[in-house]
Amino acid sequence: MSAHCQLTGAKPGFGNNISHSHRRTSRRFDPNIQRKRYWLPSEGRHVRLTLSARAIKAVDAMGIEAAVARIRARGGKV
């Protein structure tokens, strides 16, 4: 599963681990991605979305219809 949020567009950030001796190695900061299934009443079906934890809270606040409209406006597939 790709670490990419369909609603917010959150994706991994990159940086370095720095050891005590100050050697640097690459690391990756992944967003907290979850697969969540919602009932979409307007279409009479369930949709499965790949969302970050922050986006799940946003869907709870704005509603699934508005969230799906925003994903489709960004050019995403639902």
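In this predicted model, 40% of the contacts in the protein chain with a separation of 6 or more are made by residues 24 or more positions apart. Buried residues account for 26% of the 78 residues. The chain exposes about 5500 Å², and carbon and sulfur atoms supply 48% of that area.

The protein chain holds 2 helices and 4 strands. Read from the N terminus, the order of the elements is β-β-β-β-α-α. The radius of gyration is 16 Å, well over the 12 Å that the globule rule gives for 78 residues, so the chain is more spread out than a compact globule. The C-alpha trace spans about 60 × 20 × 20 Å along its principal axes. As for charge, the chain carries 16 positive and 4 negative charges, and the mean positions of these two sets lie 10 Å apart.

The strands may be followed in order along the chain. Strand 1 covers residues 13–18 and strand 2 covers residues 24–29; the two pair in the antiparallel sense over 6 bridges. Within this pairing, Gly-13 stands opposite Phe-29 of strand 2. The hairpin formed by strand 1 and strand 2 has 5 residues between the strands. His-22 lies in this loop, and its phi is positive, at about 70°, although the residue is not a glycine. Most residues other than glycine have a negative phi.

A second hairpin follows. Strand 3, residues 33–40, is joined to strand 4 by 8 bridges, and the two run antiparallel. Strand 4 itself comprises residues 45–52. Two facing pairs help to locate the register: Arg-35 stands opposite Thr-50 in strand 4, and Lys-36 stands opposite Leu-49 in strand 4. In a regular strand the side chains alternate between the two faces of the sheet. Between strand 3 and strand 4 there are 4 residues, and in this hairpin Gly-44 takes a positive phi near 65°.

Three residues of this second hairpin deserve a more detailed description. Trp-39 belongs to strand 3. With a relative accessibility of 44%, Trp-39 counts as partly exposed, because that value falls between the limits of 20% and 50%. Setting aside residues up to four places away in sequence, Trp-39 touches Gly-44, Arg-45, His-46 and Ile-64. Gly-44, one of these partners, is the residue with the positive phi in the hairpin of strand 3 and strand 4. The C-alpha atoms of Trp-39 and Glu-65 are 9.6 Å apart, although 26 residues separate the two along the chain.

Val-47, in strand 4, has a relative accessible area of 3% and is therefore buried, since the cut-off for burial is under 20%. Beyond its neighbours up to four places away in sequence, Val-47 touches Lys-36, Arg-37, Tyr-38, Leu-40 and Val-78. Among these partners, Lys-36 has already appeared opposite Leu-49 of strand 4. The C-alpha atom of Val-47 lies 9.2 Å from that of Val-68, a residue 21 positions away along the chain.

Ser-52 is also placed in strand 4. At 5% relative accessibility, Ser-52 counts as buried. Apart from neighbours within four places in sequence, Ser-52 is in contact with Cys-5, Thr-8, Asn-32 and Ile-33. The C-alpha atoms of Ser-52 and Gln-34 are separated by 6.0 Å, with their positions 18 residues apart along the chain.

Taken together, these descriptions give a chain of two antiparallel strand pairings, that of strand 1 with strand 2 and that of strand 3 with strand 4, with the helices following the strands in the order of elements. Within strand 4, Val-47 is buried at 3% relative accessible area and Ser-52 is buried at 5%, whereas Trp-39 of strand 3 is partly exposed.

Definitions and conventions
Residues are numbered from 1 along each chain as its sequence is written. This is a predicted model: local features need pLDDT of at least 70, side-chain atom pairs count only at pLDDT 80 or more; totals for chains, interfaces and linings use all residues. Side-chain values use heavy atoms; hydrogens and water are left out. The radius of gyration is taken over C-alpha atoms; the globule rule is 2.2 Å times the number of residues to the power 0.38. Buried means under 20% relative accessible area, exposed over 50%, partly exposed in between (1.4 Å probe, protein chains only). Contact means heavy atoms within 4.5 Å. Accessible areas come from the Shrake-Rupley method with a 1.4 Å probe; for residues, only the protein chains shown count as cover. Lys and Arg count as positive and Asp and Glu as negative; His and the chain ends are not counted. The place of a charge is taken as NZ of Lys, CZ of Arg, CG of Asp or CD of Glu. Two strands pair if DSSP finds at least two bridges between them.
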